[in-house]
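Here are my notebook entries from a session of looking things up in this model. I kept them short and grouped them by topic.

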Amino acid sequence: MKTEGTLYRPPLEAKTFLLQVTAGCTHNACRFCNMYKDKQFHMIDDETLIHNLQEEKRICDIYERPHKRVFLMDGDVFSLSADRLEEKFQLIRRYMPAMETFSMYAAIRSIKDKSDDDLRRLKNLGVNDLYIGYESGLDDVLEFMNKGTSLADSIEQAQRLNEAGIRHRALFMLGTAGKGRAEESGLAVADLVNKIKPDVTRIATLSIFPETPLARDVEEGRFEPASELEILMEEKVILENIKDLPEMRFWASHILNYAPMDGFIGRDRDWMLKKLTRTIDEFDEASFRKNFTRNQL
Ligand code: SF4
């Protein structure tokens, strides 16, 4: 497989066929993010795509296990126009005719760029399970982090996906509001989730990676990170305040989370809340500092 630079995929796609269709992120400017600093956004040429598809097809044929799902990388494949996406899907299906689902990261601005007809067409072509990085439910945090979108836009575009029947997965990071705002931030995330109704809510935790603008903000006093206890409290507030979404998966087993958990709101919320409450009650700062680090994704 020929690929460019460091590749990222959501943990929930660990068993999915991964195919790099673009490199980098069109925005590449969130203050906390170090994911695609090694590349400028561009499309992967068809020659490379065909090489990779042929190679993967050979493996599928040997094991007689055709792929039905693909996760398209890198950060922003949904920024391609609906026509471009359709071309890519046709190319993939030429080698993998059983393909049913095309999943990928999607930015709010890339959904906004598409008409309702585009979204319905993409749904019919197999687009589902779009991963959307909301990170926070607070407008001032989105602005400070330079996320490039607003809360109002986020809600409107997620609702358009729901109307088009495209499933989507909401990504949030605990701690993005900084010190002293756990309850406010947790309530805002829960409120946003209640409005956008994703299929999965994925909770990770903010990490201050070296050489990011956010690392400089911390050094120069513009951002004070939340304490670990505040991060756990924020997670608890989110979980307590999600309403009417019993089928939604609450996936908080990210490598950056101190209290990993994974369950469905209707079936599993009680034990997840008990686990969080116990973790908060028994939290020992010294042991946490000794045993837990957040230095890589
Ligand atoms: S967080 Fe997502 S949108 Fe922001 S720079 Fe990183 S990859 Fe791009």
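**Entry 1: Tyr105 and its partner.** I looked up Tyr105 in this predicted model and found a relative accessible area of 14%. Buried means under 20%, so Tyr105 counts as buried. Next I turned to the ring of Tyr131: its centre lies 6.0 Å from that of Tyr105, and the planes stand at 70°. Edge-to-face begins over 60 degrees, so I noted the pair as edge-to-face. Tyr105 belongs to strand S5 and Tyr131 to strand S6 (residues 127–135), so this pair ties together parts that are 26 residues apart in sequence. Tyr131 is buried too, with a relative accessibility of 2%.

**Entry 2: from Tyr131 to Arg169.** Which side chain does Arg169 join through a polar contact of 2.7 Å? I found the side chain of Tyr131 at the other end. Arg169 sits in strand S7 (residues 168–174), and I wrote down a relative accessible area of 12% for it, so Arg169 is buried. Leaving out residues up to four places away in sequence, I listed what Arg169 touches: Leu12, Glu13, Arg69, Asp129, Leu130, Tyr131, Ile132, Pro198, Asp199 and Val200.

**Entry 3: other rings.** How many aromatic pairs are there? My count came to 12 aromatic pairs. One of them is Phe89 with Phe102, a stacked pair with 3.9 Å centre to centre and 15° between the planes. Phe89 is in helix H2 (residues 82–95) and Phe102 in strand S5 (residues 101–105), so the pair links parts 13 residues apart in sequence. I checked burial as well: Phe89 and Phe102 are both buried. I also noted a cluster, in which ring pairs link Tyr258, Phe283, Phe288 and Phe292.

**Entry 4: charges over rings.** I looked for charged ends over rings and noted two cases. Lys114 lies over the face of Phe78, 4.3 Å from the ring centre. The charged end of Arg31 sits over the ring of Phe144, at 5.6 Å from its centre.

**Entry 5: back to H2.** Since Phe89 had led me to helix H2, I looked up how H2 packs with helix H4 (residues 116–125). Their axes come within 10 Å and cross at roughly 5°. Angles under 35 degrees count as roughly parallel, so that is how I filed H2 and H4. On the H2 side I found Ala82, Asp83, Leu85, Glu86, Phe89 and Arg93 making the contact. On the H4 side it is made by Asp118, Arg121, Leu122 and Leu125. Phe89 thus turns up in my notes twice, in the stacked pair with Phe102 and in the contact with H4.

Terms used: Residues numbered from 1 in each chain as written. Predicted model: local features only at pLDDT ≥ 70, side-chain atom pairs only at ≥ 80, totals over all residues. Heavy atoms only, no water. Helix = DSSP H or I, 4+ residues; strand = E, 2+ residues; numbered from the N terminus. Buried < 20%, exposed > 50% of the residue type's maximum accessible area, 1.4 Å probe, protein only. Polar contact = N/O pair within 3.5 Å; in protein donor to acceptor, adjacent residues only side chain to side chain. Contact = heavy atoms within 4.5 Å. Phe/Tyr/Trp six-rings, centres within 6.5 Å; stacked < 30°, edge-to-face > 60°. Lys NZ or Arg CZ within 6 Å of the ring centre and 35° of its normal. Axes fitted to C-alpha atoms, helices over the stretch in contact; angles between N-to-C directions. Parallel < 35°, antiparallel > 145°, perpendicular 65-115°, else oblique.
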